[in-house]
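Work through the exercises below with the sequence and the structure at hand. Try each task before you read its solution.

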Amino acid sequence: MSTAVLLSWSGGKDAAWALYELQQRDDIEVVALLSTLTEGYERSSMQGVRREVLQAQAAAAAVPLLEAWIPQACDNAIYLQRMNAALAEAQRRWPGLSTIAFGDLLLQDIRAWREQQYAAQGWSTLFPLFGRDTTALARQMIRQGLQAHLCCVDSTLLDAEFSGRAFDNTLIDQLPAGIDACGENGEFHTCVSAGPMFRAPLPLEQGDTVLRDSRYAYTDFSLRS
């Protein structure tokens, strides 16, 4: 009998690849995706991916999408309150569900925080990609058909001109020394449009790039009408 799993879903490549790897396992069934969205922006809280794109990604993966909404000014207490409400909703829909998976790759402090916070609520945590060589993983994703674009760049770490670029081997080759190939240190985030975890590619079109907080370069991606 397989274990039911809820997967944290940002709309980016690591979450998408975690889904793909979990899809290959006979002992795991990903029953839903869980996205954190910011009120007023209608976008994922980290990546800035539009809500309708997240919904289209979930539809392409044939997995339901659950949403946890947080305010624009959100401290840790409010975040946990909203997240716990979403987890309770997930357990109502899938009785017995008690495992949540994340696409984290190498930050041990983030993993430890997640393990502690979710264990306190009676949840187990799963990190299917953790500890991988991120350059090798990035090239594996690309080789096996994942398509994504950089949708957010921290311009204090990486030139803002990288925002909007395709996540491909050329990009990896051109990243400055010290920049993680998967952006795991917060250098960049991505928006996925295709890959082996989806039944069909998403028709996304690239929009404007804006700088927010004098730091983060966000490139907008929307569904082509």
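**Exercise 1: A residue in the first strand listed**

Determine whether Ala4 is buried, partly exposed or exposed, and find what it touches.

Solution. Ala4 has a relative accessible area of 25%, and because the partly exposed class lies between 20% and 50%, Ala4 counts as partly exposed. Keep in mind that the model is a predicted one. Next, locate the residue: Ala4 belongs to strand β1, which covers residues 3-8. Leaving aside neighbours within four places in sequence, Ala4 is in contact with Glu29, Val31, Leu97 and Thr99. For one of these partners, Val31, the C-alpha atom is 6.1 Å from that of Ala4, although the two residues are 27 places apart along the chain.

**Exercise 2: The chain as a whole**

Describe the chain by its secondary structure, its dimensions and its contacts.

Solution. Begin with the elements, of which the chain has six helices and 10 strands. Then turn to the dimensions: the C-alpha atoms fill a box of roughly 45 × 40 × 40 Å along the principal axes. A compact globule of 225 residues would have a radius of gyration near 17 Å, and the chain agrees with this because its own value is 17 Å. As for burial, 49% of the 225 residues count as buried. The surface that the chain exposes amounts to about 10500 Å², with carbon and sulfur atoms supplying 45% of it. Among the contacts between residues at least 6 apart in sequence, 68% join residues that are at least 24 apart. Finally, consider the charges: there are 18 positive and 27 negative ones, and their mean positions lie 4 Å apart.

**Exercise 3: Two helices and their buried residues**

Work out how the buried residues of α5 are arranged around its axis, and then examine how far α1 is enclosed.

Solution. Helix α5 spans residues 134-143, and its buried residues are Thr134, Leu137, Ala138, Met141 and Ile142. These residues lie on the same side of α5, because they cover an arc of only 135° around the axis. What covers them includes α1 (13-23) and α6 (169-174). Now take α1 itself, in which 10 of the 11 residues are buried, so that this helix is largely enclosed by the rest of the structure. The buried residues of α1 include Trp17, Leu19, Tyr20 and Leu22, and also the charged-type residues Lys13, Asp14 and Glu21.

**Exercise 4: Positive phi values outside glycine**

Find where Ala62 and Ser214 lie, and state how accessible each of them is.

Solution. Ala62 has a positive phi of about 60° although it is not a glycine. Its place is the loop between α2 (51-61) and β4 (65-70), and with a relative accessible area of 41% Ala62 is partly exposed. Ser214, which is likewise not a glycine, has a positive phi near 55°. This serine lies in the loop between β9 (204-212) and β10, and its relative accessible area of 68% makes Ser214 exposed.

**Exercise 5: Strands β9 and β10**

Classify Asp208 and Ser222 by accessibility, and list the contacts of each.

Solution. Asp208 is found in strand β9, and Asp208 is exposed, with a relative accessible area of 62%. Not counting residues up to four places away in sequence, Asp208 touches Tyr218, Thr219 and Asp220. The C-alpha atoms of Asp208 and Tyr218 are separated by 8.2 Å, and the two residues are 10 apart along the chain. Ser222 sits in strand β10, which runs over residues 216-223. Ser222 counts as buried, because its relative accessibility is 14% and the limit for buried is under 20%. With residues up to four places away again set aside, Ser222 touches Arg50, Val53, Pro203, Leu204 and Glu205.

**Exercise 6: An arginine in a helix**

Is Arg114 buried or exposed, and which residues does Arg114 touch?

Solution. Arg114 lies in helix α4, residues 108-119. At a relative accessible area of 16%, Arg114 is buried. Apart from residues up to four places away in sequence, Arg114 touches Phe102, Asp104, Ala119, Thr125 and Phe127. The C-alpha atom of Arg114 is separated by 9.7 Å from that of Ser124, a residue 10 places away along the chain.

Methods: Residues numbered from 1 in each chain as written. Predicted model: local features only at pLDDT ≥ 70, side-chain atom pairs only at ≥ 80, totals over all residues. Heavy atoms only, no water. Helix = DSSP H or I, 4+ residues; strand = E, 2+ residues; numbered from the N terminus. Rg over C-alpha atoms; globule rule 2.2 N^0.38 Å. Buried < 20%, exposed > 50% of the residue type's maximum accessible area, 1.4 Å probe, protein only. Contact = heavy atoms within 4.5 Å. Areas by Shrake-Rupley, 256 points an atom, 1.4 Å probe, with all protein chains shown as cover. Charge placed at Lys NZ, Arg CZ, Asp CG, Glu CD. Arc of directions from axis to C-beta.
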